[in-house]
Amino acid sequence: MAALKCLVVDSMHESLFSLLAEIGWDIDYQPAITRDEIKQKHVGYDGLIVRSKTTIDRDLLGENPSVRFIGRAGAGIDNLDVDYLHEKGIHILHASEGNRDAVGEYTVGALLALLRNIPRADQQVRQQVWEREGNRGEEIMGKTIGIIGYGNMGQAFARRLAGFGCNVLAYDKYKTGFSDAVCREVTEQEIVEQADILSLHIPLTPETKGMVSRAYLDRFKKSIILVNAARGEIVSLTDLATCVETGKVRGAVLDVLENEKLPTLTPAQRRAFDTLTGKTNVIFTPHIAGWTYESHVKINVALVQKIDALKLAH
């Protein structure tokens, strides 16, 4: 009996190969394959594993795909045409459990770095400037942190805040009854009225794209700190820059951007980006919140467990 065949079209940690082999899969590892090459090659494979470089849709797989699952090695599925895949009966598997710990740790670490002026102070000392009073920071203790989205990432962040003595509120449009020892379930309006810090942990969907606009931020009663380690397109870069300039947003951590291909920023996005990069109360990182050595392996483990659970017949 022939083994099930899986085409892997993105760079993956080598642990994937032995994990899949243990559950009876043959792997064709093609990390450099192009979209046009995938169109020609995917026929006859039972599974397809991707990260984010390729959009999986009707144009790619056609009307009679052989693949029975798409494995997304990561949390988001915004590069998958969900309606098409459901129409064709193709299982969608993703591995948000694999990098939730990394995201939780990053979010706490970046927030603390912002509150304590660590990036700015580091640069000053390197320039032989010893400025203590100008870098007097804030404690996270006692602050109200609002979490939008209480899935794997939001929960991981909340758990890591448990020892800091802050007030953690969470809102999730699609979940209820999740108050626990580390957070209190609230309405979105309660977060708007109470939050000192807003952290986004929601997927990119047509509903959330551009959700965090100037009008959205202006609703908040306080001048807030915004943390986005979810998807860049959720936050309007130009509106955020305006709100930072006015003081409505008094600080930001941005691991993701509305347009992460920086040379292709529109003129308006470029002006906003230049404004934000000129601020010491804004921290940027290049989409690394879930990007650790450990998560590289954990993602594979979570994904293979889900593939195995399908129990696909040969």
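**Notebook: packing of helices α5, α7, α1 and α12**

I started with α5 and α12, which are roughly antiparallel to each other. The model I am reading is predicted.

*Entry 1, α5 with α12.* I looked up the geometry behind that label. The angle between α5 and helix α12 (residues 293-310) is about 155°, and their axes are 6 Å apart. The label follows because angles over 145 degrees count as roughly antiparallel. I then listed the contact. From α5 it takes in E97, G98, N99, D101 and A102; from α12, the residues are S295, K298, I299, A302 and K306. Sorted by class, the contact of α5 with α12 holds 4 charged, 3 polar and 3 nonpolar residues.

*Entry 2, α5 with α7.* How far apart are the axes of α5 and α7? I read 8 Å, with a packing angle of about 45° between helix α5 (residues 96-115) and helix α7 (residues 152-160). I therefore noted α5 as oblique to α7. The crossing of α5 past α7 is right-handed. On the α5 side I found S96, E97, N99, R100, D101, V103, G104, E105, T107, V108 and L111 in the contact. On the α7 side I found N152, M153, A156, F157, R159 and R160. The classes in the contact of α5 with α7 are 6 charged, 6 nonpolar and 5 polar residues.

I checked E97, N99 and D101 against both lists. These α5 residues meet α7, and E97, N99 and D101 are also among the α5 residues that meet α12.

*Entry 3, α1 with α12.* I went on to helix α1 (residues 15-22), which packs on α12 at an angle of about 20°, with 9 Å between the axes. That angle is why I entered α1 as roughly parallel to α12. I noted a right-handed crossing where α1 passes α12. Which residues of α1 meet α12? They are S15, L16, L19 and L20, and their partners in α12 are V297, N300, V301, V304 and I307. The contact of α1 with α12 has 7 nonpolar and 2 polar residues, and no charged ones.

*Entry 4, rings.* I counted aromatic pairs and got 5. I also looked for a charge over a ring and recorded K5, which lies over the face of Y45. The distance from K5 to the ring centre is 4.7 Å.

*Recap.* I have α12 roughly antiparallel to α5 and α1 roughly parallel to α12, while α5 is oblique to α7.

Methods
Residues are numbered from 1 along each chain as its sequence is written. This is a predicted model: local features need pLDDT of at least 70, side-chain atom pairs count only at pLDDT 80 or more; totals for chains, interfaces and linings use all residues. Side-chain values use heavy atoms; hydrogens and water are left out. Axes are lines fitted to C-alpha atoms, for helices over the stretch in contact, and angles run from 0 to 180 degrees between N-to-C directions. Helices (H or I, at least four residues) and strands (E, at least two) are DSSP runs, numbered from the N terminus. Angles under 35 degrees count as roughly parallel, over 145 as roughly antiparallel, 65 to 115 as roughly perpendicular and the rest as oblique. A crossing is left-handed if the near helix is turned anticlockwise from the far one by less than a right angle, and right-handed if clockwise. Contact means heavy atoms within 4.5 Å. Ala, Val, Leu, Ile, Met, Phe, Trp, Tyr, Cys and Pro count as nonpolar, Asp, Glu, Lys and Arg as charged, and the others, Gly among them, as polar. Rings of Phe, Tyr and Trp (its six-membered ring) pair if their centres lie within 6.5 Å; planes under 30 degrees apart count as stacked, over 60 as edge-to-face and the rest as tilted. A charge sits over a ring if NZ of Lys or CZ of Arg is within 6 Å of the ring centre and within 35 degrees of the ring normal.
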